[in-house]
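Please open the model in your viewer and keep the sequence panel visible. The tour below proceeds from one selection to the next.

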Amino acid sequence: MRYQELSHWLSTVDDPLTPLPALPGDADADVVIVGAGYTGLWTAYYLAVADPTLRIVVLEAEIAGYGASGRNGGWCSALLPTSLPALARRHGRAQALAMQRAMRDTVTEVGRVAATEGIDCDWQHGGTVLLARTDVQLGRARAAVDEARDHGLDPDDLVLLDAAGAAARCAAEGVRGGTYTPHCAAVHPAKLVRGLARAVRRHGVTLYERSPVTAIRPGAAVTPHGTVRAAVVVRATEAYTPMLPGHRRTVVPVYSLMVATEPLSEATWQRIGLADRETFSDYRHLIVYGQRTGDGRLAFGGRGAPYHFGSRVSPDHDREPRVFAALRRTLGELFPVLGPDVPVARAWGGPLGVARDWSASVGLDRSSGLGWAGGYVGDGVGTSNLAGRTLADLIRGVESELTALPWVGHRSPRWEPEPLRWLAINAGLRVMSSADGAEHRTGRPARRATTFAHLLGH
Ligand SMILES: Cc1cc2nc3c(=O)[nH]c(=O)nc-3n(C[C@H](O)[C@H](O)[C@H](O)COP(=O)(O)OP(=O)(O)OC[C@H]3O[C@@H](n4cnc5c(N)ncnc54)[C@H](O)[C@@H]3O)c2cc1C
């Protein structure tokens, strides 16, 4: 496989992406981590820094960054898949706010480690602008700010923008207003994950690539090449989790797809803005997200690709011409300056993991020594760092502010058996995208989409 072809990001890292040697046979360790995306690597990183005597092994089926970590939109944000009100309902206001503050600090922490470890990942802490381009979207922007204030966030966290304020950051067509938060950095995701893999190895962690784990059980991770025995086994496999025995219904893989333009001229950037490389989106239902890349392109993505029966994950699902065409069309609508033929250089996709209650979680079962983190939906770039720090504390038996956060030890319910998953998820995706069209036509909020989001517990 040519790993470079998996994403624009993997094709632009200064790295031949040659796999490291596979696990040579049976081995012993203190901690074995399955999966070398951000979750597995951050966990290894903080463990190794905290206790350099620990023998830590990471087993990766392909290469570090093969999964979503090498393909995502590069928003290192303070977002969580569970909204602040939903967290407050479940865990109380104080705990919800503590979680939000921990996420805010996480953005700074990722930037700090990148600088300390010399990981050049085109880091720019420029915040996020969310645009409102219709009255309905403007209503959602106001509601988001009211909700944030009600739950203890202040204007330093989220501020409402009028039309001029929003356009000054991102001059998309027809901008009526929006919101801005400083708690996000734009990153080159593959430079981050590949740099992190190099950093953990410098800190003494052993990383085996092309070493797929076929079973995880207390005390062992089994591969066709041999078994690694360790008191603690961490599952960091996100969207690929359903392929592990016993985990078919733990999360569902949902595909997100992206396009990247050719580098744009300075004159075009003058018209678009994003001068501080703010990440950007708008208040439609079916999520879209974009960033101005370090090398002057627009990288833009969205959902809308179908869920595949039986939670199947396959490279065939990374490409969906219909969704690529829609992304290109949406980019052209947002930025007519790109012209009728938006100059797309590359298109790709990848799977992310969604838990039944849309709640990310992290934990360690002391009796079995099995640890896990994931279910981040589309918000894992920052959240995986918080998960890694938390797992490092849990594994070393350290009680900390992090281990007291409400997502620690949370167990999401399992997804329904097929064909219910397939029917419900694909119906939901269709409702959300048709709701955006209906809102655009009628100027009224589409209630069916909101109802569906509530049914999913989002
Ligand atoms: C197109 C796209 C855009 C996104 N945009 C954003 C964004 O802008 N901001 C954001 O916060 N989040 C975003 N996300 C989500 C984010 O990328 C993920 O939440 C995050 O990368 C998850 O990291 P992870 O390490 O848990 O999983 P992954 O990066 O998927 O890593 C899992 C690793 O485990 C390996 N593996 C799986 N099974 C096994 C096994 N049995 N044995 C050995 N190895 C195994 C895989 O090969 C893979 O390398 C996006 C995701 C996608 C797909």
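What covers the buried residues of helix 4? The cover includes helix 2 (38-50), strand 4 (75-77), helix 3 (84-91), strand 8 (184-186), helix 7 (189-202) and helix 10 (380-396). This is a predicted model, in which local features need pLDDT of at least 70, side-chain atom pairs count only at pLDDT 80 or more, and totals for chains, interfaces and linings use all residues. Residues are numbered from 1 along each chain as its sequence is written, and side-chain values use heavy atoms, with hydrogens and water left out.

Select residues 93-116, which form helix 4. Helices (H or I, at least four residues) and strands (E, at least two) are DSSP runs, numbered from the N terminus. The end C-alpha atoms of helix 4 lie 34 Å apart, in agreement with the 34 Å expected for its 24 residues; the expected span is 1.5 Å times one less than the number of residues. Its buried residues include Met99, Met103 and Val107, where buried means under 20% relative accessible area (1.4 Å probe, protein chains only). Just after helix 4, select Gly118, which takes a positive phi of about 65°.

Next, select the cysteines. The structure holds zero disulfides, a disulfide being a pair of cysteine sulfur atoms within 2.5 Å. For Cys170, the nearest cysteine sulfur, that of Cys184, is 13 Å away. Cys170 counts as buried because its relative accessibility is 0%. The sulfur of Cys184 is 6.8 Å from the closest cysteine sulfur, in Cys76, which is too far for a bond.

Finally, display the whole chain: its secondary structure comes to 12 helices and 20 strands.

Definitions and conventions
Buried < 20%, exposed > 50% of the residue type's maximum accessible area, 1.4 Å probe, protein only. Contact = heavy atoms within 4.5 Å.
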